[in-house]
Amino acid sequence: MQLPLYYNEEDEWNRALLLYDSVLREINTKLEILNNEFKQAHQYNPIEHITSRIKSPESIARKIRKKGLELTVENIVKYVNDVAGVRIICSFTSDIYRIASSISNQDDVTVLRVKDYIANPKPNGYMSYHMIVSIPIFLTNDVIDTKVEIQIRTIAMDFWASLEHKIYYKFEGKAPAGIKDELKECANIISFLDEKMLSINESVKHYHEDFNGGVAMSSDTPLPVVSADNTGSSANSLDALKSYYGSIAED
Ligand code: GTP
Ligand code: MG
């Protein structure tokens, strides 16, 4: 990736790119693990899909210019928080907070900033949960905490945000009031849809629990899996194995 830097800072920029690429790999692996674990416990994927990107040189330059700064690697690293960005699309609103706290609670993750546009939507109706976190990247002789922007939203919120973004660009940020009102109305519909889907999912879960409780298992019933909120014997047996995963037994 070429960035029109003023000075000859190619080495610094290549190192920065290596770090941003690495932090995306780290966060993607963390998310994949959480998604797989959740799937084992609850029989569905809380994450519909994940996209990640390194911000384009044009967008980085535009942002730096907007902030009135000189285009240097130091300014980019210091002031552009979303050079590395990951967007997580979840099934239900409740999954968003679950994923966010599972990530924030990890020992190597430092949460630098949170913007909860779900609890507090933007005036235009935008909803999404944003975190800037840093994760240590282990290099040969160095460990460097590297920032990544995480956006978490439902499919419905993502649908709205993508279309709003396109419309916004068409009007170069100056959409007529009528259009703004209509987009806001769509955001309200989206929010209603998410609530409705969540409540359908809750009642389906209860239906499943009642159903499985009263019906004998057939041969194609999957083996019972451990649920995260299960405090019964299978959870205990998992706990009992915990210390062995990182240890070596004597021969
Ligand atoms: P930037 O907007 O990136 O300069 O950062 P910020 O510090 O204002 O952060 P914020 O968390 O508010 O927004 C970060 C990102 O969220 C943006 O780059 C967009 O990708 C997305 N975003 C924020 N607001 C909107 C919005 O009104 N509409 C859409 N479609 N996306 C938005
Ligand atoms: Mg951004």
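## Val83 and its surroundings

Val83 sits in the loop that joins helix 3 to strand 2. In this predicted model, Val83 counts as buried because 22 C-beta neighbours lie inside 10 Å, where 20 or more are needed. Leaving aside residues up to four places away in sequence, Val83 touches Tyr20, Ile54, Lys55, Ile60 and Ile76. One of these partners, Ile60, is 23 residues apart from Val83 along the chain, and their C-alpha atoms are separated by 7.3 Å.

Val83 also leads us towards helix 1. Ala16 and Val83 are 67 residues apart in sequence, yet 9.6 Å apart in space, C-alpha to C-alpha. Ala16 is found in helix 1, and Ala16 is buried too, with 21 other C-beta atoms within 10 Å. The contacts of Ala16, not counting residues up to four places away in sequence, are Val73, Ile76 and Val77. Ile76 thus appears among the contacts of Val83 and among those of Ala16.

## Helix 1 and the residue after it

Does helix 1 match its expected length, or depart from it? Its 33 residues should span 48 Å at 1.5 Å a residue, and the end C-alpha atoms are 48 Å apart, so the two agree. Helix 1 has Ala16, Tyr20, Val23, Ile27 and Leu31 as its buried residues. As a reminder, an α-helix has 3.6 residues a turn, so residues three or four places apart point the same way. The buried residues of helix 1 pack against strand 1, helix 3 (73–79), strand 2 (84–90), strand 4 (129–138) and strand 5.

Just after helix 1 comes Gln43, with a positive phi of about 60 degrees. Most residues other than glycine have a negative phi, which makes this a nice spot to look at. Gln43 lies in the loop between helix 1 (10–42) and strand 1 (47–54). Gln43 counts as exposed because it has 12 C-beta neighbours inside 10 Å, and the cut-off for exposed is 12 or fewer.

## Helix 4

Helix 4 covers residues 93–104, and its 12 residues should span 16 Å at 1.5 Å a residue; the end C-alpha atoms are 17 Å apart, which agrees. Which residues of helix 4 are buried? They are Thr93, Asp95, Ile96, Ile99, Ala100 and Ile103. These residues cover an arc of only 150 degrees around the axis, so they lie on the same side of helix 4.

## Gln151 and the shell around ligand 1

Ile96 of helix 4 brings us to Gln151: the two are 55 residues apart in sequence and 9.6 Å apart in space, C-alpha to C-alpha. Gln151 has its place in strand 5 (residues 143–154). Gln151 counts as buried because 20 C-beta neighbours lie inside 10 Å. Not counting residues up to four places away in sequence, Gln151 touches Arg87, Ser128 and His130.

Gln151 and His130 are also among the residues around ligand 1, together with Asp82, Lys115, Lys122, Asn124, Tyr126, Ala161, Glu164 and His165. By type, this shell divides into 2 nonpolar, 4 polar and 4 charged residues. Helix 5 (residues 155–170) supplies the largest share of the shell, 3 residues.

## Helix 6 and a long-range pair

Lys205 lies in helix 6 (residues 177–214). With 13 C-beta neighbours inside 10 Å, Lys205 counts as partly exposed. How far apart in sequence are Lys205 and His42? They are 163 residues apart, while their C-alpha atoms are 9.7 Å apart in space.

## The whole chain and its confidence

The protein chain has 7 helices and 5 strands, and from the N terminus on its elements run α-β-α-α-β-α-β-β-β-α-α-α. Of its 251 residues, 19% count as buried. Among contacts with a separation of 6 or more, 66% join residues 24 or more positions apart.

The mean pLDDT of the protein chain is 89, and 88% of its residues reach 70 or more. Over residues 223–228 the pLDDT is below 50, and this stretch has 9 contacts in the model beyond near neighbours in sequence. Residues 215–221 also stay under 50, and for them the model has 0 contacts beyond four places in sequence. Where pLDDT is low, the predicted coordinates should not be read in detail.

Note on methods:
Residues are numbered from 1 along each chain as its sequence is written. Chains are lettered from A and ligands numbered from 1 in the order in which they are written. This is a predicted model: local features need pLDDT of at least 70, side-chain atom pairs count only at pLDDT 80 or more; totals for chains, interfaces and linings use all residues. A residue is near a molecule or strand if its C-beta atom, placed from the backbone, lies within 6 Å of it. Helices (H or I, at least four residues) and strands (E, at least two) are DSSP runs, numbered from the N terminus. Ala, Val, Leu, Ile, Met, Phe, Trp, Tyr, Cys and Pro count as nonpolar, Asp, Glu, Lys and Arg as charged, and the others, Gly among them, as polar. pLDDT is the predictor's confidence in each residue, from 0 to 100. Two residues are in contact if their C-beta atoms, placed from the backbone, lie within 7 Å. The expected span of a helix is 1.5 Å times one less than its number of residues. The arc is that of the directions from the helix axis to the C-beta atoms.
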